[in-house]
Amino acid sequence: MNAPGPTEPPHRLRPLRALPDASGVEIIDQRHLPHALRMATLRTAADATLAIADMAVRGAPLIGATAAFGVALQAQHEARDAALQAATAALQAARPTAVNLAWALQRMQRRWLALPVADRAAACWAEALAVAEEDIAVNAAIGRNGLPLLQALAARRSAAGGGPLQVLTHCNAGWLATVGWGTATAPIYMAHALGMKLHVWVDETRPRNQGASLTAWELGQAGVPHTVVADNAGGHLMQHRQVDLVIVGADRVTARGDVCNKIGTYLKALAARDNGIPFYVAMPTSTLDLSLTDGLAEIPIEERSGREVTHLSGRSASGALVEVQVTPDGTAAANPAFDVTPARLVTGLITERGLVPAQEAALRRLMDPRP
Ligand code: MRU
């Protein structure tokens, strides 16, 4: 049974918003956060492809919603099969790991393939709007389904001497990574709105620092107490009983429950297991890829530019946004952007359909369309 939770997402802004005249989509350009809140407008499928590839928008569900609007924008301009197929292929190639991208593109394709060319523009726009609206509802359900876990652990902490519930999260699986609420953050925002005392340890999440720059910004906007820590601090905090649970998001989860998420997630799961701390993954079922079983062998891991490792960007004392080099000239850098946490290390998956174990039978049952 779901516990009650607040009904409004934690922020009035949306990372993606369709313009009312269907001429474009306004996004938050996340490359400038936390130092500047800049909006940008996507008007073509190519704009959407670039926004995903350059990470102006990022996070699995938001990538999927942006791709859906990319197809819808293409349909406004030219809706014949060849044009829609070319736009779809370009969007699909923008980033390889988050399966929500393929999920959204397949959903859009099912819609437009079934229609004559003249009807596609309106239908694709309506479908993209539905993808975005559903994402908000799905994440709210994830929040409601995760809330009892937080409440139980908060009660346990309180029985053991009190203090706020201590949550650790990695990367940004917050509202900036979705159309609203976030996945890992949805139960956190609901618990906070209900008055629970909690505190979030935010992994900085090198190399792009989505934790330090995006999760910290979001939690700060919502007034959720939090502290940014270097990625390597998590194990130490867990050994000293300063973490009650870990909640992360996911980019792709296989049929047997292997979880692919931002690089470094696996190390947090190992430390959590060694210290007997629950490790939960919050994910919409659009992140589930039942066509794959072995996450390590089968999930494509994005390899990004080594420059993200050799350089850091941030705000200087004068207020300018600057980039600095942290490695010696000419040093080689590798940058795998995701890793896979084997199902055996995952305590449970928090989905919009309920809490499930990371086990194949349970996941297949969850997605079984039969009543
Ligand atoms: O490279 P990013 O910023 O797109 O990676 C994001 C993550 O790894 C998130 O944890 C994941 O997409 C889940 S978002 C709800």
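**Exercise 1. Determine which polar contacts the ligand makes with Lys262, Asn261 and Gly59, and how far the protein covers the ligand.**

*Solution.* Step 1: an oxygen atom of the ligand lies 2.7 Å from an N or O atom in the side chain of Lys262. This pair meets the definition of a polar contact (a pair of N or O atoms within 3.5 Å).

Step 2: the side chain of Asn261 has an N or O atom 2.6 Å from an oxygen atom of the ligand. For Gly59, a polar backbone atom is 2.9 Å from a ligand oxygen atom.

Step 3: taken alone, the ligand exposes 410 Å², of which the protein buries 100%. Such areas come from the Shrake-Rupley method with a 1.4 Å probe.

The model is predicted: local features need pLDDT of at least 70, side-chain atom pairs count only at pLDDT 80 or more, and totals for chains, interfaces and linings use all residues. Residues are numbered from 1 along each chain as its sequence is written, and side-chain values use heavy atoms, with hydrogens and water left out.

**Exercise 2. Describe the shell around the ligand by its residues, elements, classes and domains.**

*Solution.* Step 1: the ligand is surrounded by 18 residues, and the closest are Arg95, Gln210, Asp251, Asn261 and Lys262. A residue is counted if one of its heavy atoms lies within 4 Å.

Step 2: the elements giving two or more residues to this shell are α2 (60–77) and β9 (259–262). Helices (H or I, at least four residues) and strands (E, at least two) are DSSP runs, numbered from the N terminus.

Step 3: by class, the shell holds eight nonpolar, six polar and four charged residues. Here Asp, Glu, Lys and Arg count as charged, and Gly is among the polar residues.

Step 4: domain 1 (16–133) and domain 2 (142–366) each supply at least three residues to the shell. The domain bounds come from an automatic or database domain assignment.

**Exercise 3. Locate the cis peptide bonds that precede Pro34 and Pro207, and the positive phi of Trp181.**

*Solution.* Step 1: most residues other than glycine have a negative phi, and most peptide bonds are trans.

Step 2: the bond from Leu33 to Pro34 is cis, with omega near 5°. Pro34 lies in the loop between β2 (25–28) and β3 (39–42).

Step 3: the bond from Arg206 to Pro207 is also cis, with omega near 10°. The loop between β5 (198–203) and α7 (210–222) contains Pro207.

Step 4: Trp181 is not a glycine, yet has a positive phi of about 80°. Trp181 is placed in the loop between β4 (165–169) and α6 (185–193).

Conventions. A polar contact is a pair of N or O atoms within 3.5 Å; within protein, one must be able to donate a hydrogen and the other to accept it, and residues adjacent in sequence count only if both atoms are side-chain atoms.
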